[in-house]
Amino acid sequence: MDKQDRRDKPDAQTSDARPVLEGPDIARVLTRIAHEIVERAKGADDVVLLGIPTRGVFLAQRLAAKLEKITDRKVPVGSLDITMYRDDLRMHPPRALARTEIPGDGIDGKLVVLVDDVLFSGRTIRAALDALNDIGRPRAVQLAVLVDRGHRELPIRADYVGKNLPTSLRETVKVQLAEEDGRDTVLLGVKPAAPGEQH
């Protein structure tokens, strides 16, 4: 997820969070994205999906399954940890490293589709591009996200978007997936005001 950092996505559910996507909606938009990938890649023969931990990995795996149904061939899928490439490492406590798993045939000359849950500032994707650069040289790199909430700080845009969700900076977007959270939903909430903050 494009987290800017995790302060934007508090672990505690806010009481006024409301679902903007439910399980069937998420399945539907992933099916649409899979078809769009096949159309743009002219069959997806050289597509490699790399999910950005944590929920981007699960979304990439789901997309790979849908692509296999459409194309009748297995699409390589892996994960790309961007922790050490983040530009806010000095400002926050050390983060636990996630796993980078690159499919056996690598990414050189391939069409790599990065997969994440929420696109926000663009800084997570910038870090992912830096991480990719250290691994190989893809033919092209595209980006698929479940939710684009706006507020970009870098000139980065998604090629495939499940849902455009205009938000204010006071709002939070929380993606929950069954593999990690026990259910599929996207919740839109409001950050609690800081003590003494004026409304």
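**Sheet first.** I pulled up the small matter of strand order in this predicted model. Three strands make an open sheet, ordered S1-S8-S7, and the pairing is antiparallel. S1 and S7 are the edge strands with a single partner strand each, so each has one side without a neighbour in the sheet. From one strand to the next, I get a twist that averages 20 degrees.

**Bridges.** I went through the pairs next. S7 and S8 are joined over six bridges in the antiparallel sense. For S1 and S8, also antiparallel, I count four bridges. Then I looked up individual partners. Glu171 sits opposite Val190 of S8. Which residue in S8 is the bridge partner of Arg18? I find Leu188 there. Leu188 of S8 turns up again as the bridge partner of Val173.

**S8, buried or exposed?** I checked its six residues: five of them are buried, so S8 is largely enclosed by the rest of the structure. I also noted what lies over this part of the sheet. H1 lies across S1 and S8, and its direction is at about 45 degrees to S1.

**Core.** My next lookup was the largest nonpolar core, which has 34 residues. Val47, Leu49, Val113, Leu146, Val147 and Val186 have the most contacts inside it. Which elements supply at least two residues each? My list has two helices, H1 (23-40) and H2 (55-71). It also has the strands S1 (18-22), S2 (47-51), S4 (111-119), S5 (140-148), S7 (171-176) and S8 (185-190). H1 gives the most to this core, with seven residues. I jotted down the general point as well: nonpolar side chains in soluble globular proteins tend to be buried together.

**Val147 up close.** I took one of the residues with the most contacts inside that core, Val147, and listed what it touches. Leaving out residues up to four places away in sequence, Val147 touches Leu21, Asp117, Val118, Leu119, Lys163, Leu165, Val173 and Val186. Val173, one of these contacts, is the residue I had already seen bridged to Leu188. Val186, another contact, is itself on the list of residues with the most contacts inside the core.

**A second core.** Before closing the file I looked for others. Apart from the largest core lies another, of 19 residues. Ile82, Val112, Ala128 and Leu132 are among them.

Conventions:
Residues numbered from 1 in each chain as written. Predicted model: local features only at pLDDT ≥ 70, side-chain atom pairs only at ≥ 80, totals over all residues. Heavy atoms only, no water. Core = buried A, V, L, I, M, F, W, Y, C linked by side-chain atoms within 4.5 Å. Buried < 20%, exposed > 50% of the residue type's maximum accessible area, 1.4 Å probe, protein only. Contact = heavy atoms within 4.5 Å. Pairing = 2+ DSSP bridges. Axes fitted to C-alpha atoms, helices over the stretch in contact; angles between N-to-C directions.
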